[in-house]
Amino acid sequence: DGRTKLDRVVDAALALARTALARGDRVGCLLFGAEPETLVAPGRGSSHFAPLASALGLARSRIEESDYAAAFDALLARQRRRALVVLFTDLVDPDTSALVLARAAALRGRHLPWVVAVADSAIADLAGAIPDTASQALARLAAERILEERDRAVGRLRGAGVRVLSTPASALGGALVGGYLEVKARGRL
């Protein structure tokens, strides 16, 4: 349908925000790349949806390394009360995955971290394709390795007690809202 993975992440984040606000929870957001960029402090009520939608509407994909440490530090400096902290990421790079693991596990003392690993369907398609050429075989091998590293990262996060949602972008909205409702039903917040 021409929608990007980022479009689907923004839609899912807004669906989660709308659901949480409707249930009386406070919702905020922090957008970051090489540094923390946009912060909407947690608030409640239907009027708080507009600032969240405005901030998330500014989200842009860029080719730069995200500074997860600075983002987590900015969050911890501002969020003192226990919260469900949802981090949208790819988990395809071993170094980034290790940093996300360390920082998300450290959040567990005060917060409920939830890493949402958004799968790239193009990589999954490449990993399942039957190659006709040597270059296609190399592309398949690379895609398989990316998926294996991602699966290892998900396993390490879960092993450290971090909640993980690993799903294709096309199924993200429903899975995210369903996971939030499960957290609320179990009284984890």
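The largest nonpolar core in this predicted model has 26 residues. Those with the most contacts inside this core are Cys29, Leu52, Leu56, Val116, Leu172 and Leu176. Five elements each supply at least two residues of the core, as listed in the table.

| Element | Residue range |
|---|---|
| Helix 1 | residues 5-22 |
| Strand 1 | residues 27-32 |
| Helix 2 | residues 49-57 |
| Strand 4 | residues 112-119 |
| Helix 7 | residues 172-185 |

Helix 1 gives the largest share of this core, with 9 residues.

Which residues does leucine 176 touch, leaving aside those up to four places away in sequence? They are Ala12, Ala13, Leu16, Val86, Phe88, Trp114, Val116 and Leu165. Another core, of 15 residues, lies apart from the largest one. Leu87, Leu91, Ala117 and Val162 are among the residues of this other core.

The model also has an open sheet of 3 strands, in the order 3-4-5, with parallel pairing. Strand 3 (84-89) and strand 5 (163-168) are the edge strands, and each pairs on one side only. On average, neighbouring strands of the sheet are turned by 20° against each other, direction ignored. In general, strands of a sheet pair through backbone hydrogen bonds, either parallel or antiparallel. Between strand 4 and strand 5 there are 6 bridges in the parallel sense. Valine 116 has leucine 165, in strand 5, as its bridge partner. Both of these residues are also among those touched by leucine 176.

How does helix 7 lie relative to the sheet strands? Helix 7 lies across strand 3, strand 4 and strand 5, and runs at about 160° to strand 5.

How values were computed. Residues are numbered from 1 along each chain as its sequence is written. This is a predicted model: local features need pLDDT of at least 70, side-chain atom pairs count only at pLDDT 80 or more; totals for chains, interfaces and linings use all residues. Side-chain values use heavy atoms; hydrogens and water are left out. A nonpolar core is a set of buried Ala, Val, Leu, Ile, Met, Phe, Trp, Tyr and Cys residues joined through side-chain atoms within 4.5 Å. Buried means under 20% relative accessible area, exposed over 50%, partly exposed in between (1.4 Å probe, protein chains only). Helices (H or I, at least four residues) and strands (E, at least two) are DSSP runs, numbered from the N terminus. Contact means heavy atoms within 4.5 Å. Two strands pair if DSSP finds at least two bridges between them. Axes are lines fitted to C-alpha atoms, for helices over the stretch in contact, and angles run from 0 to 180 degrees between N-to-C directions.
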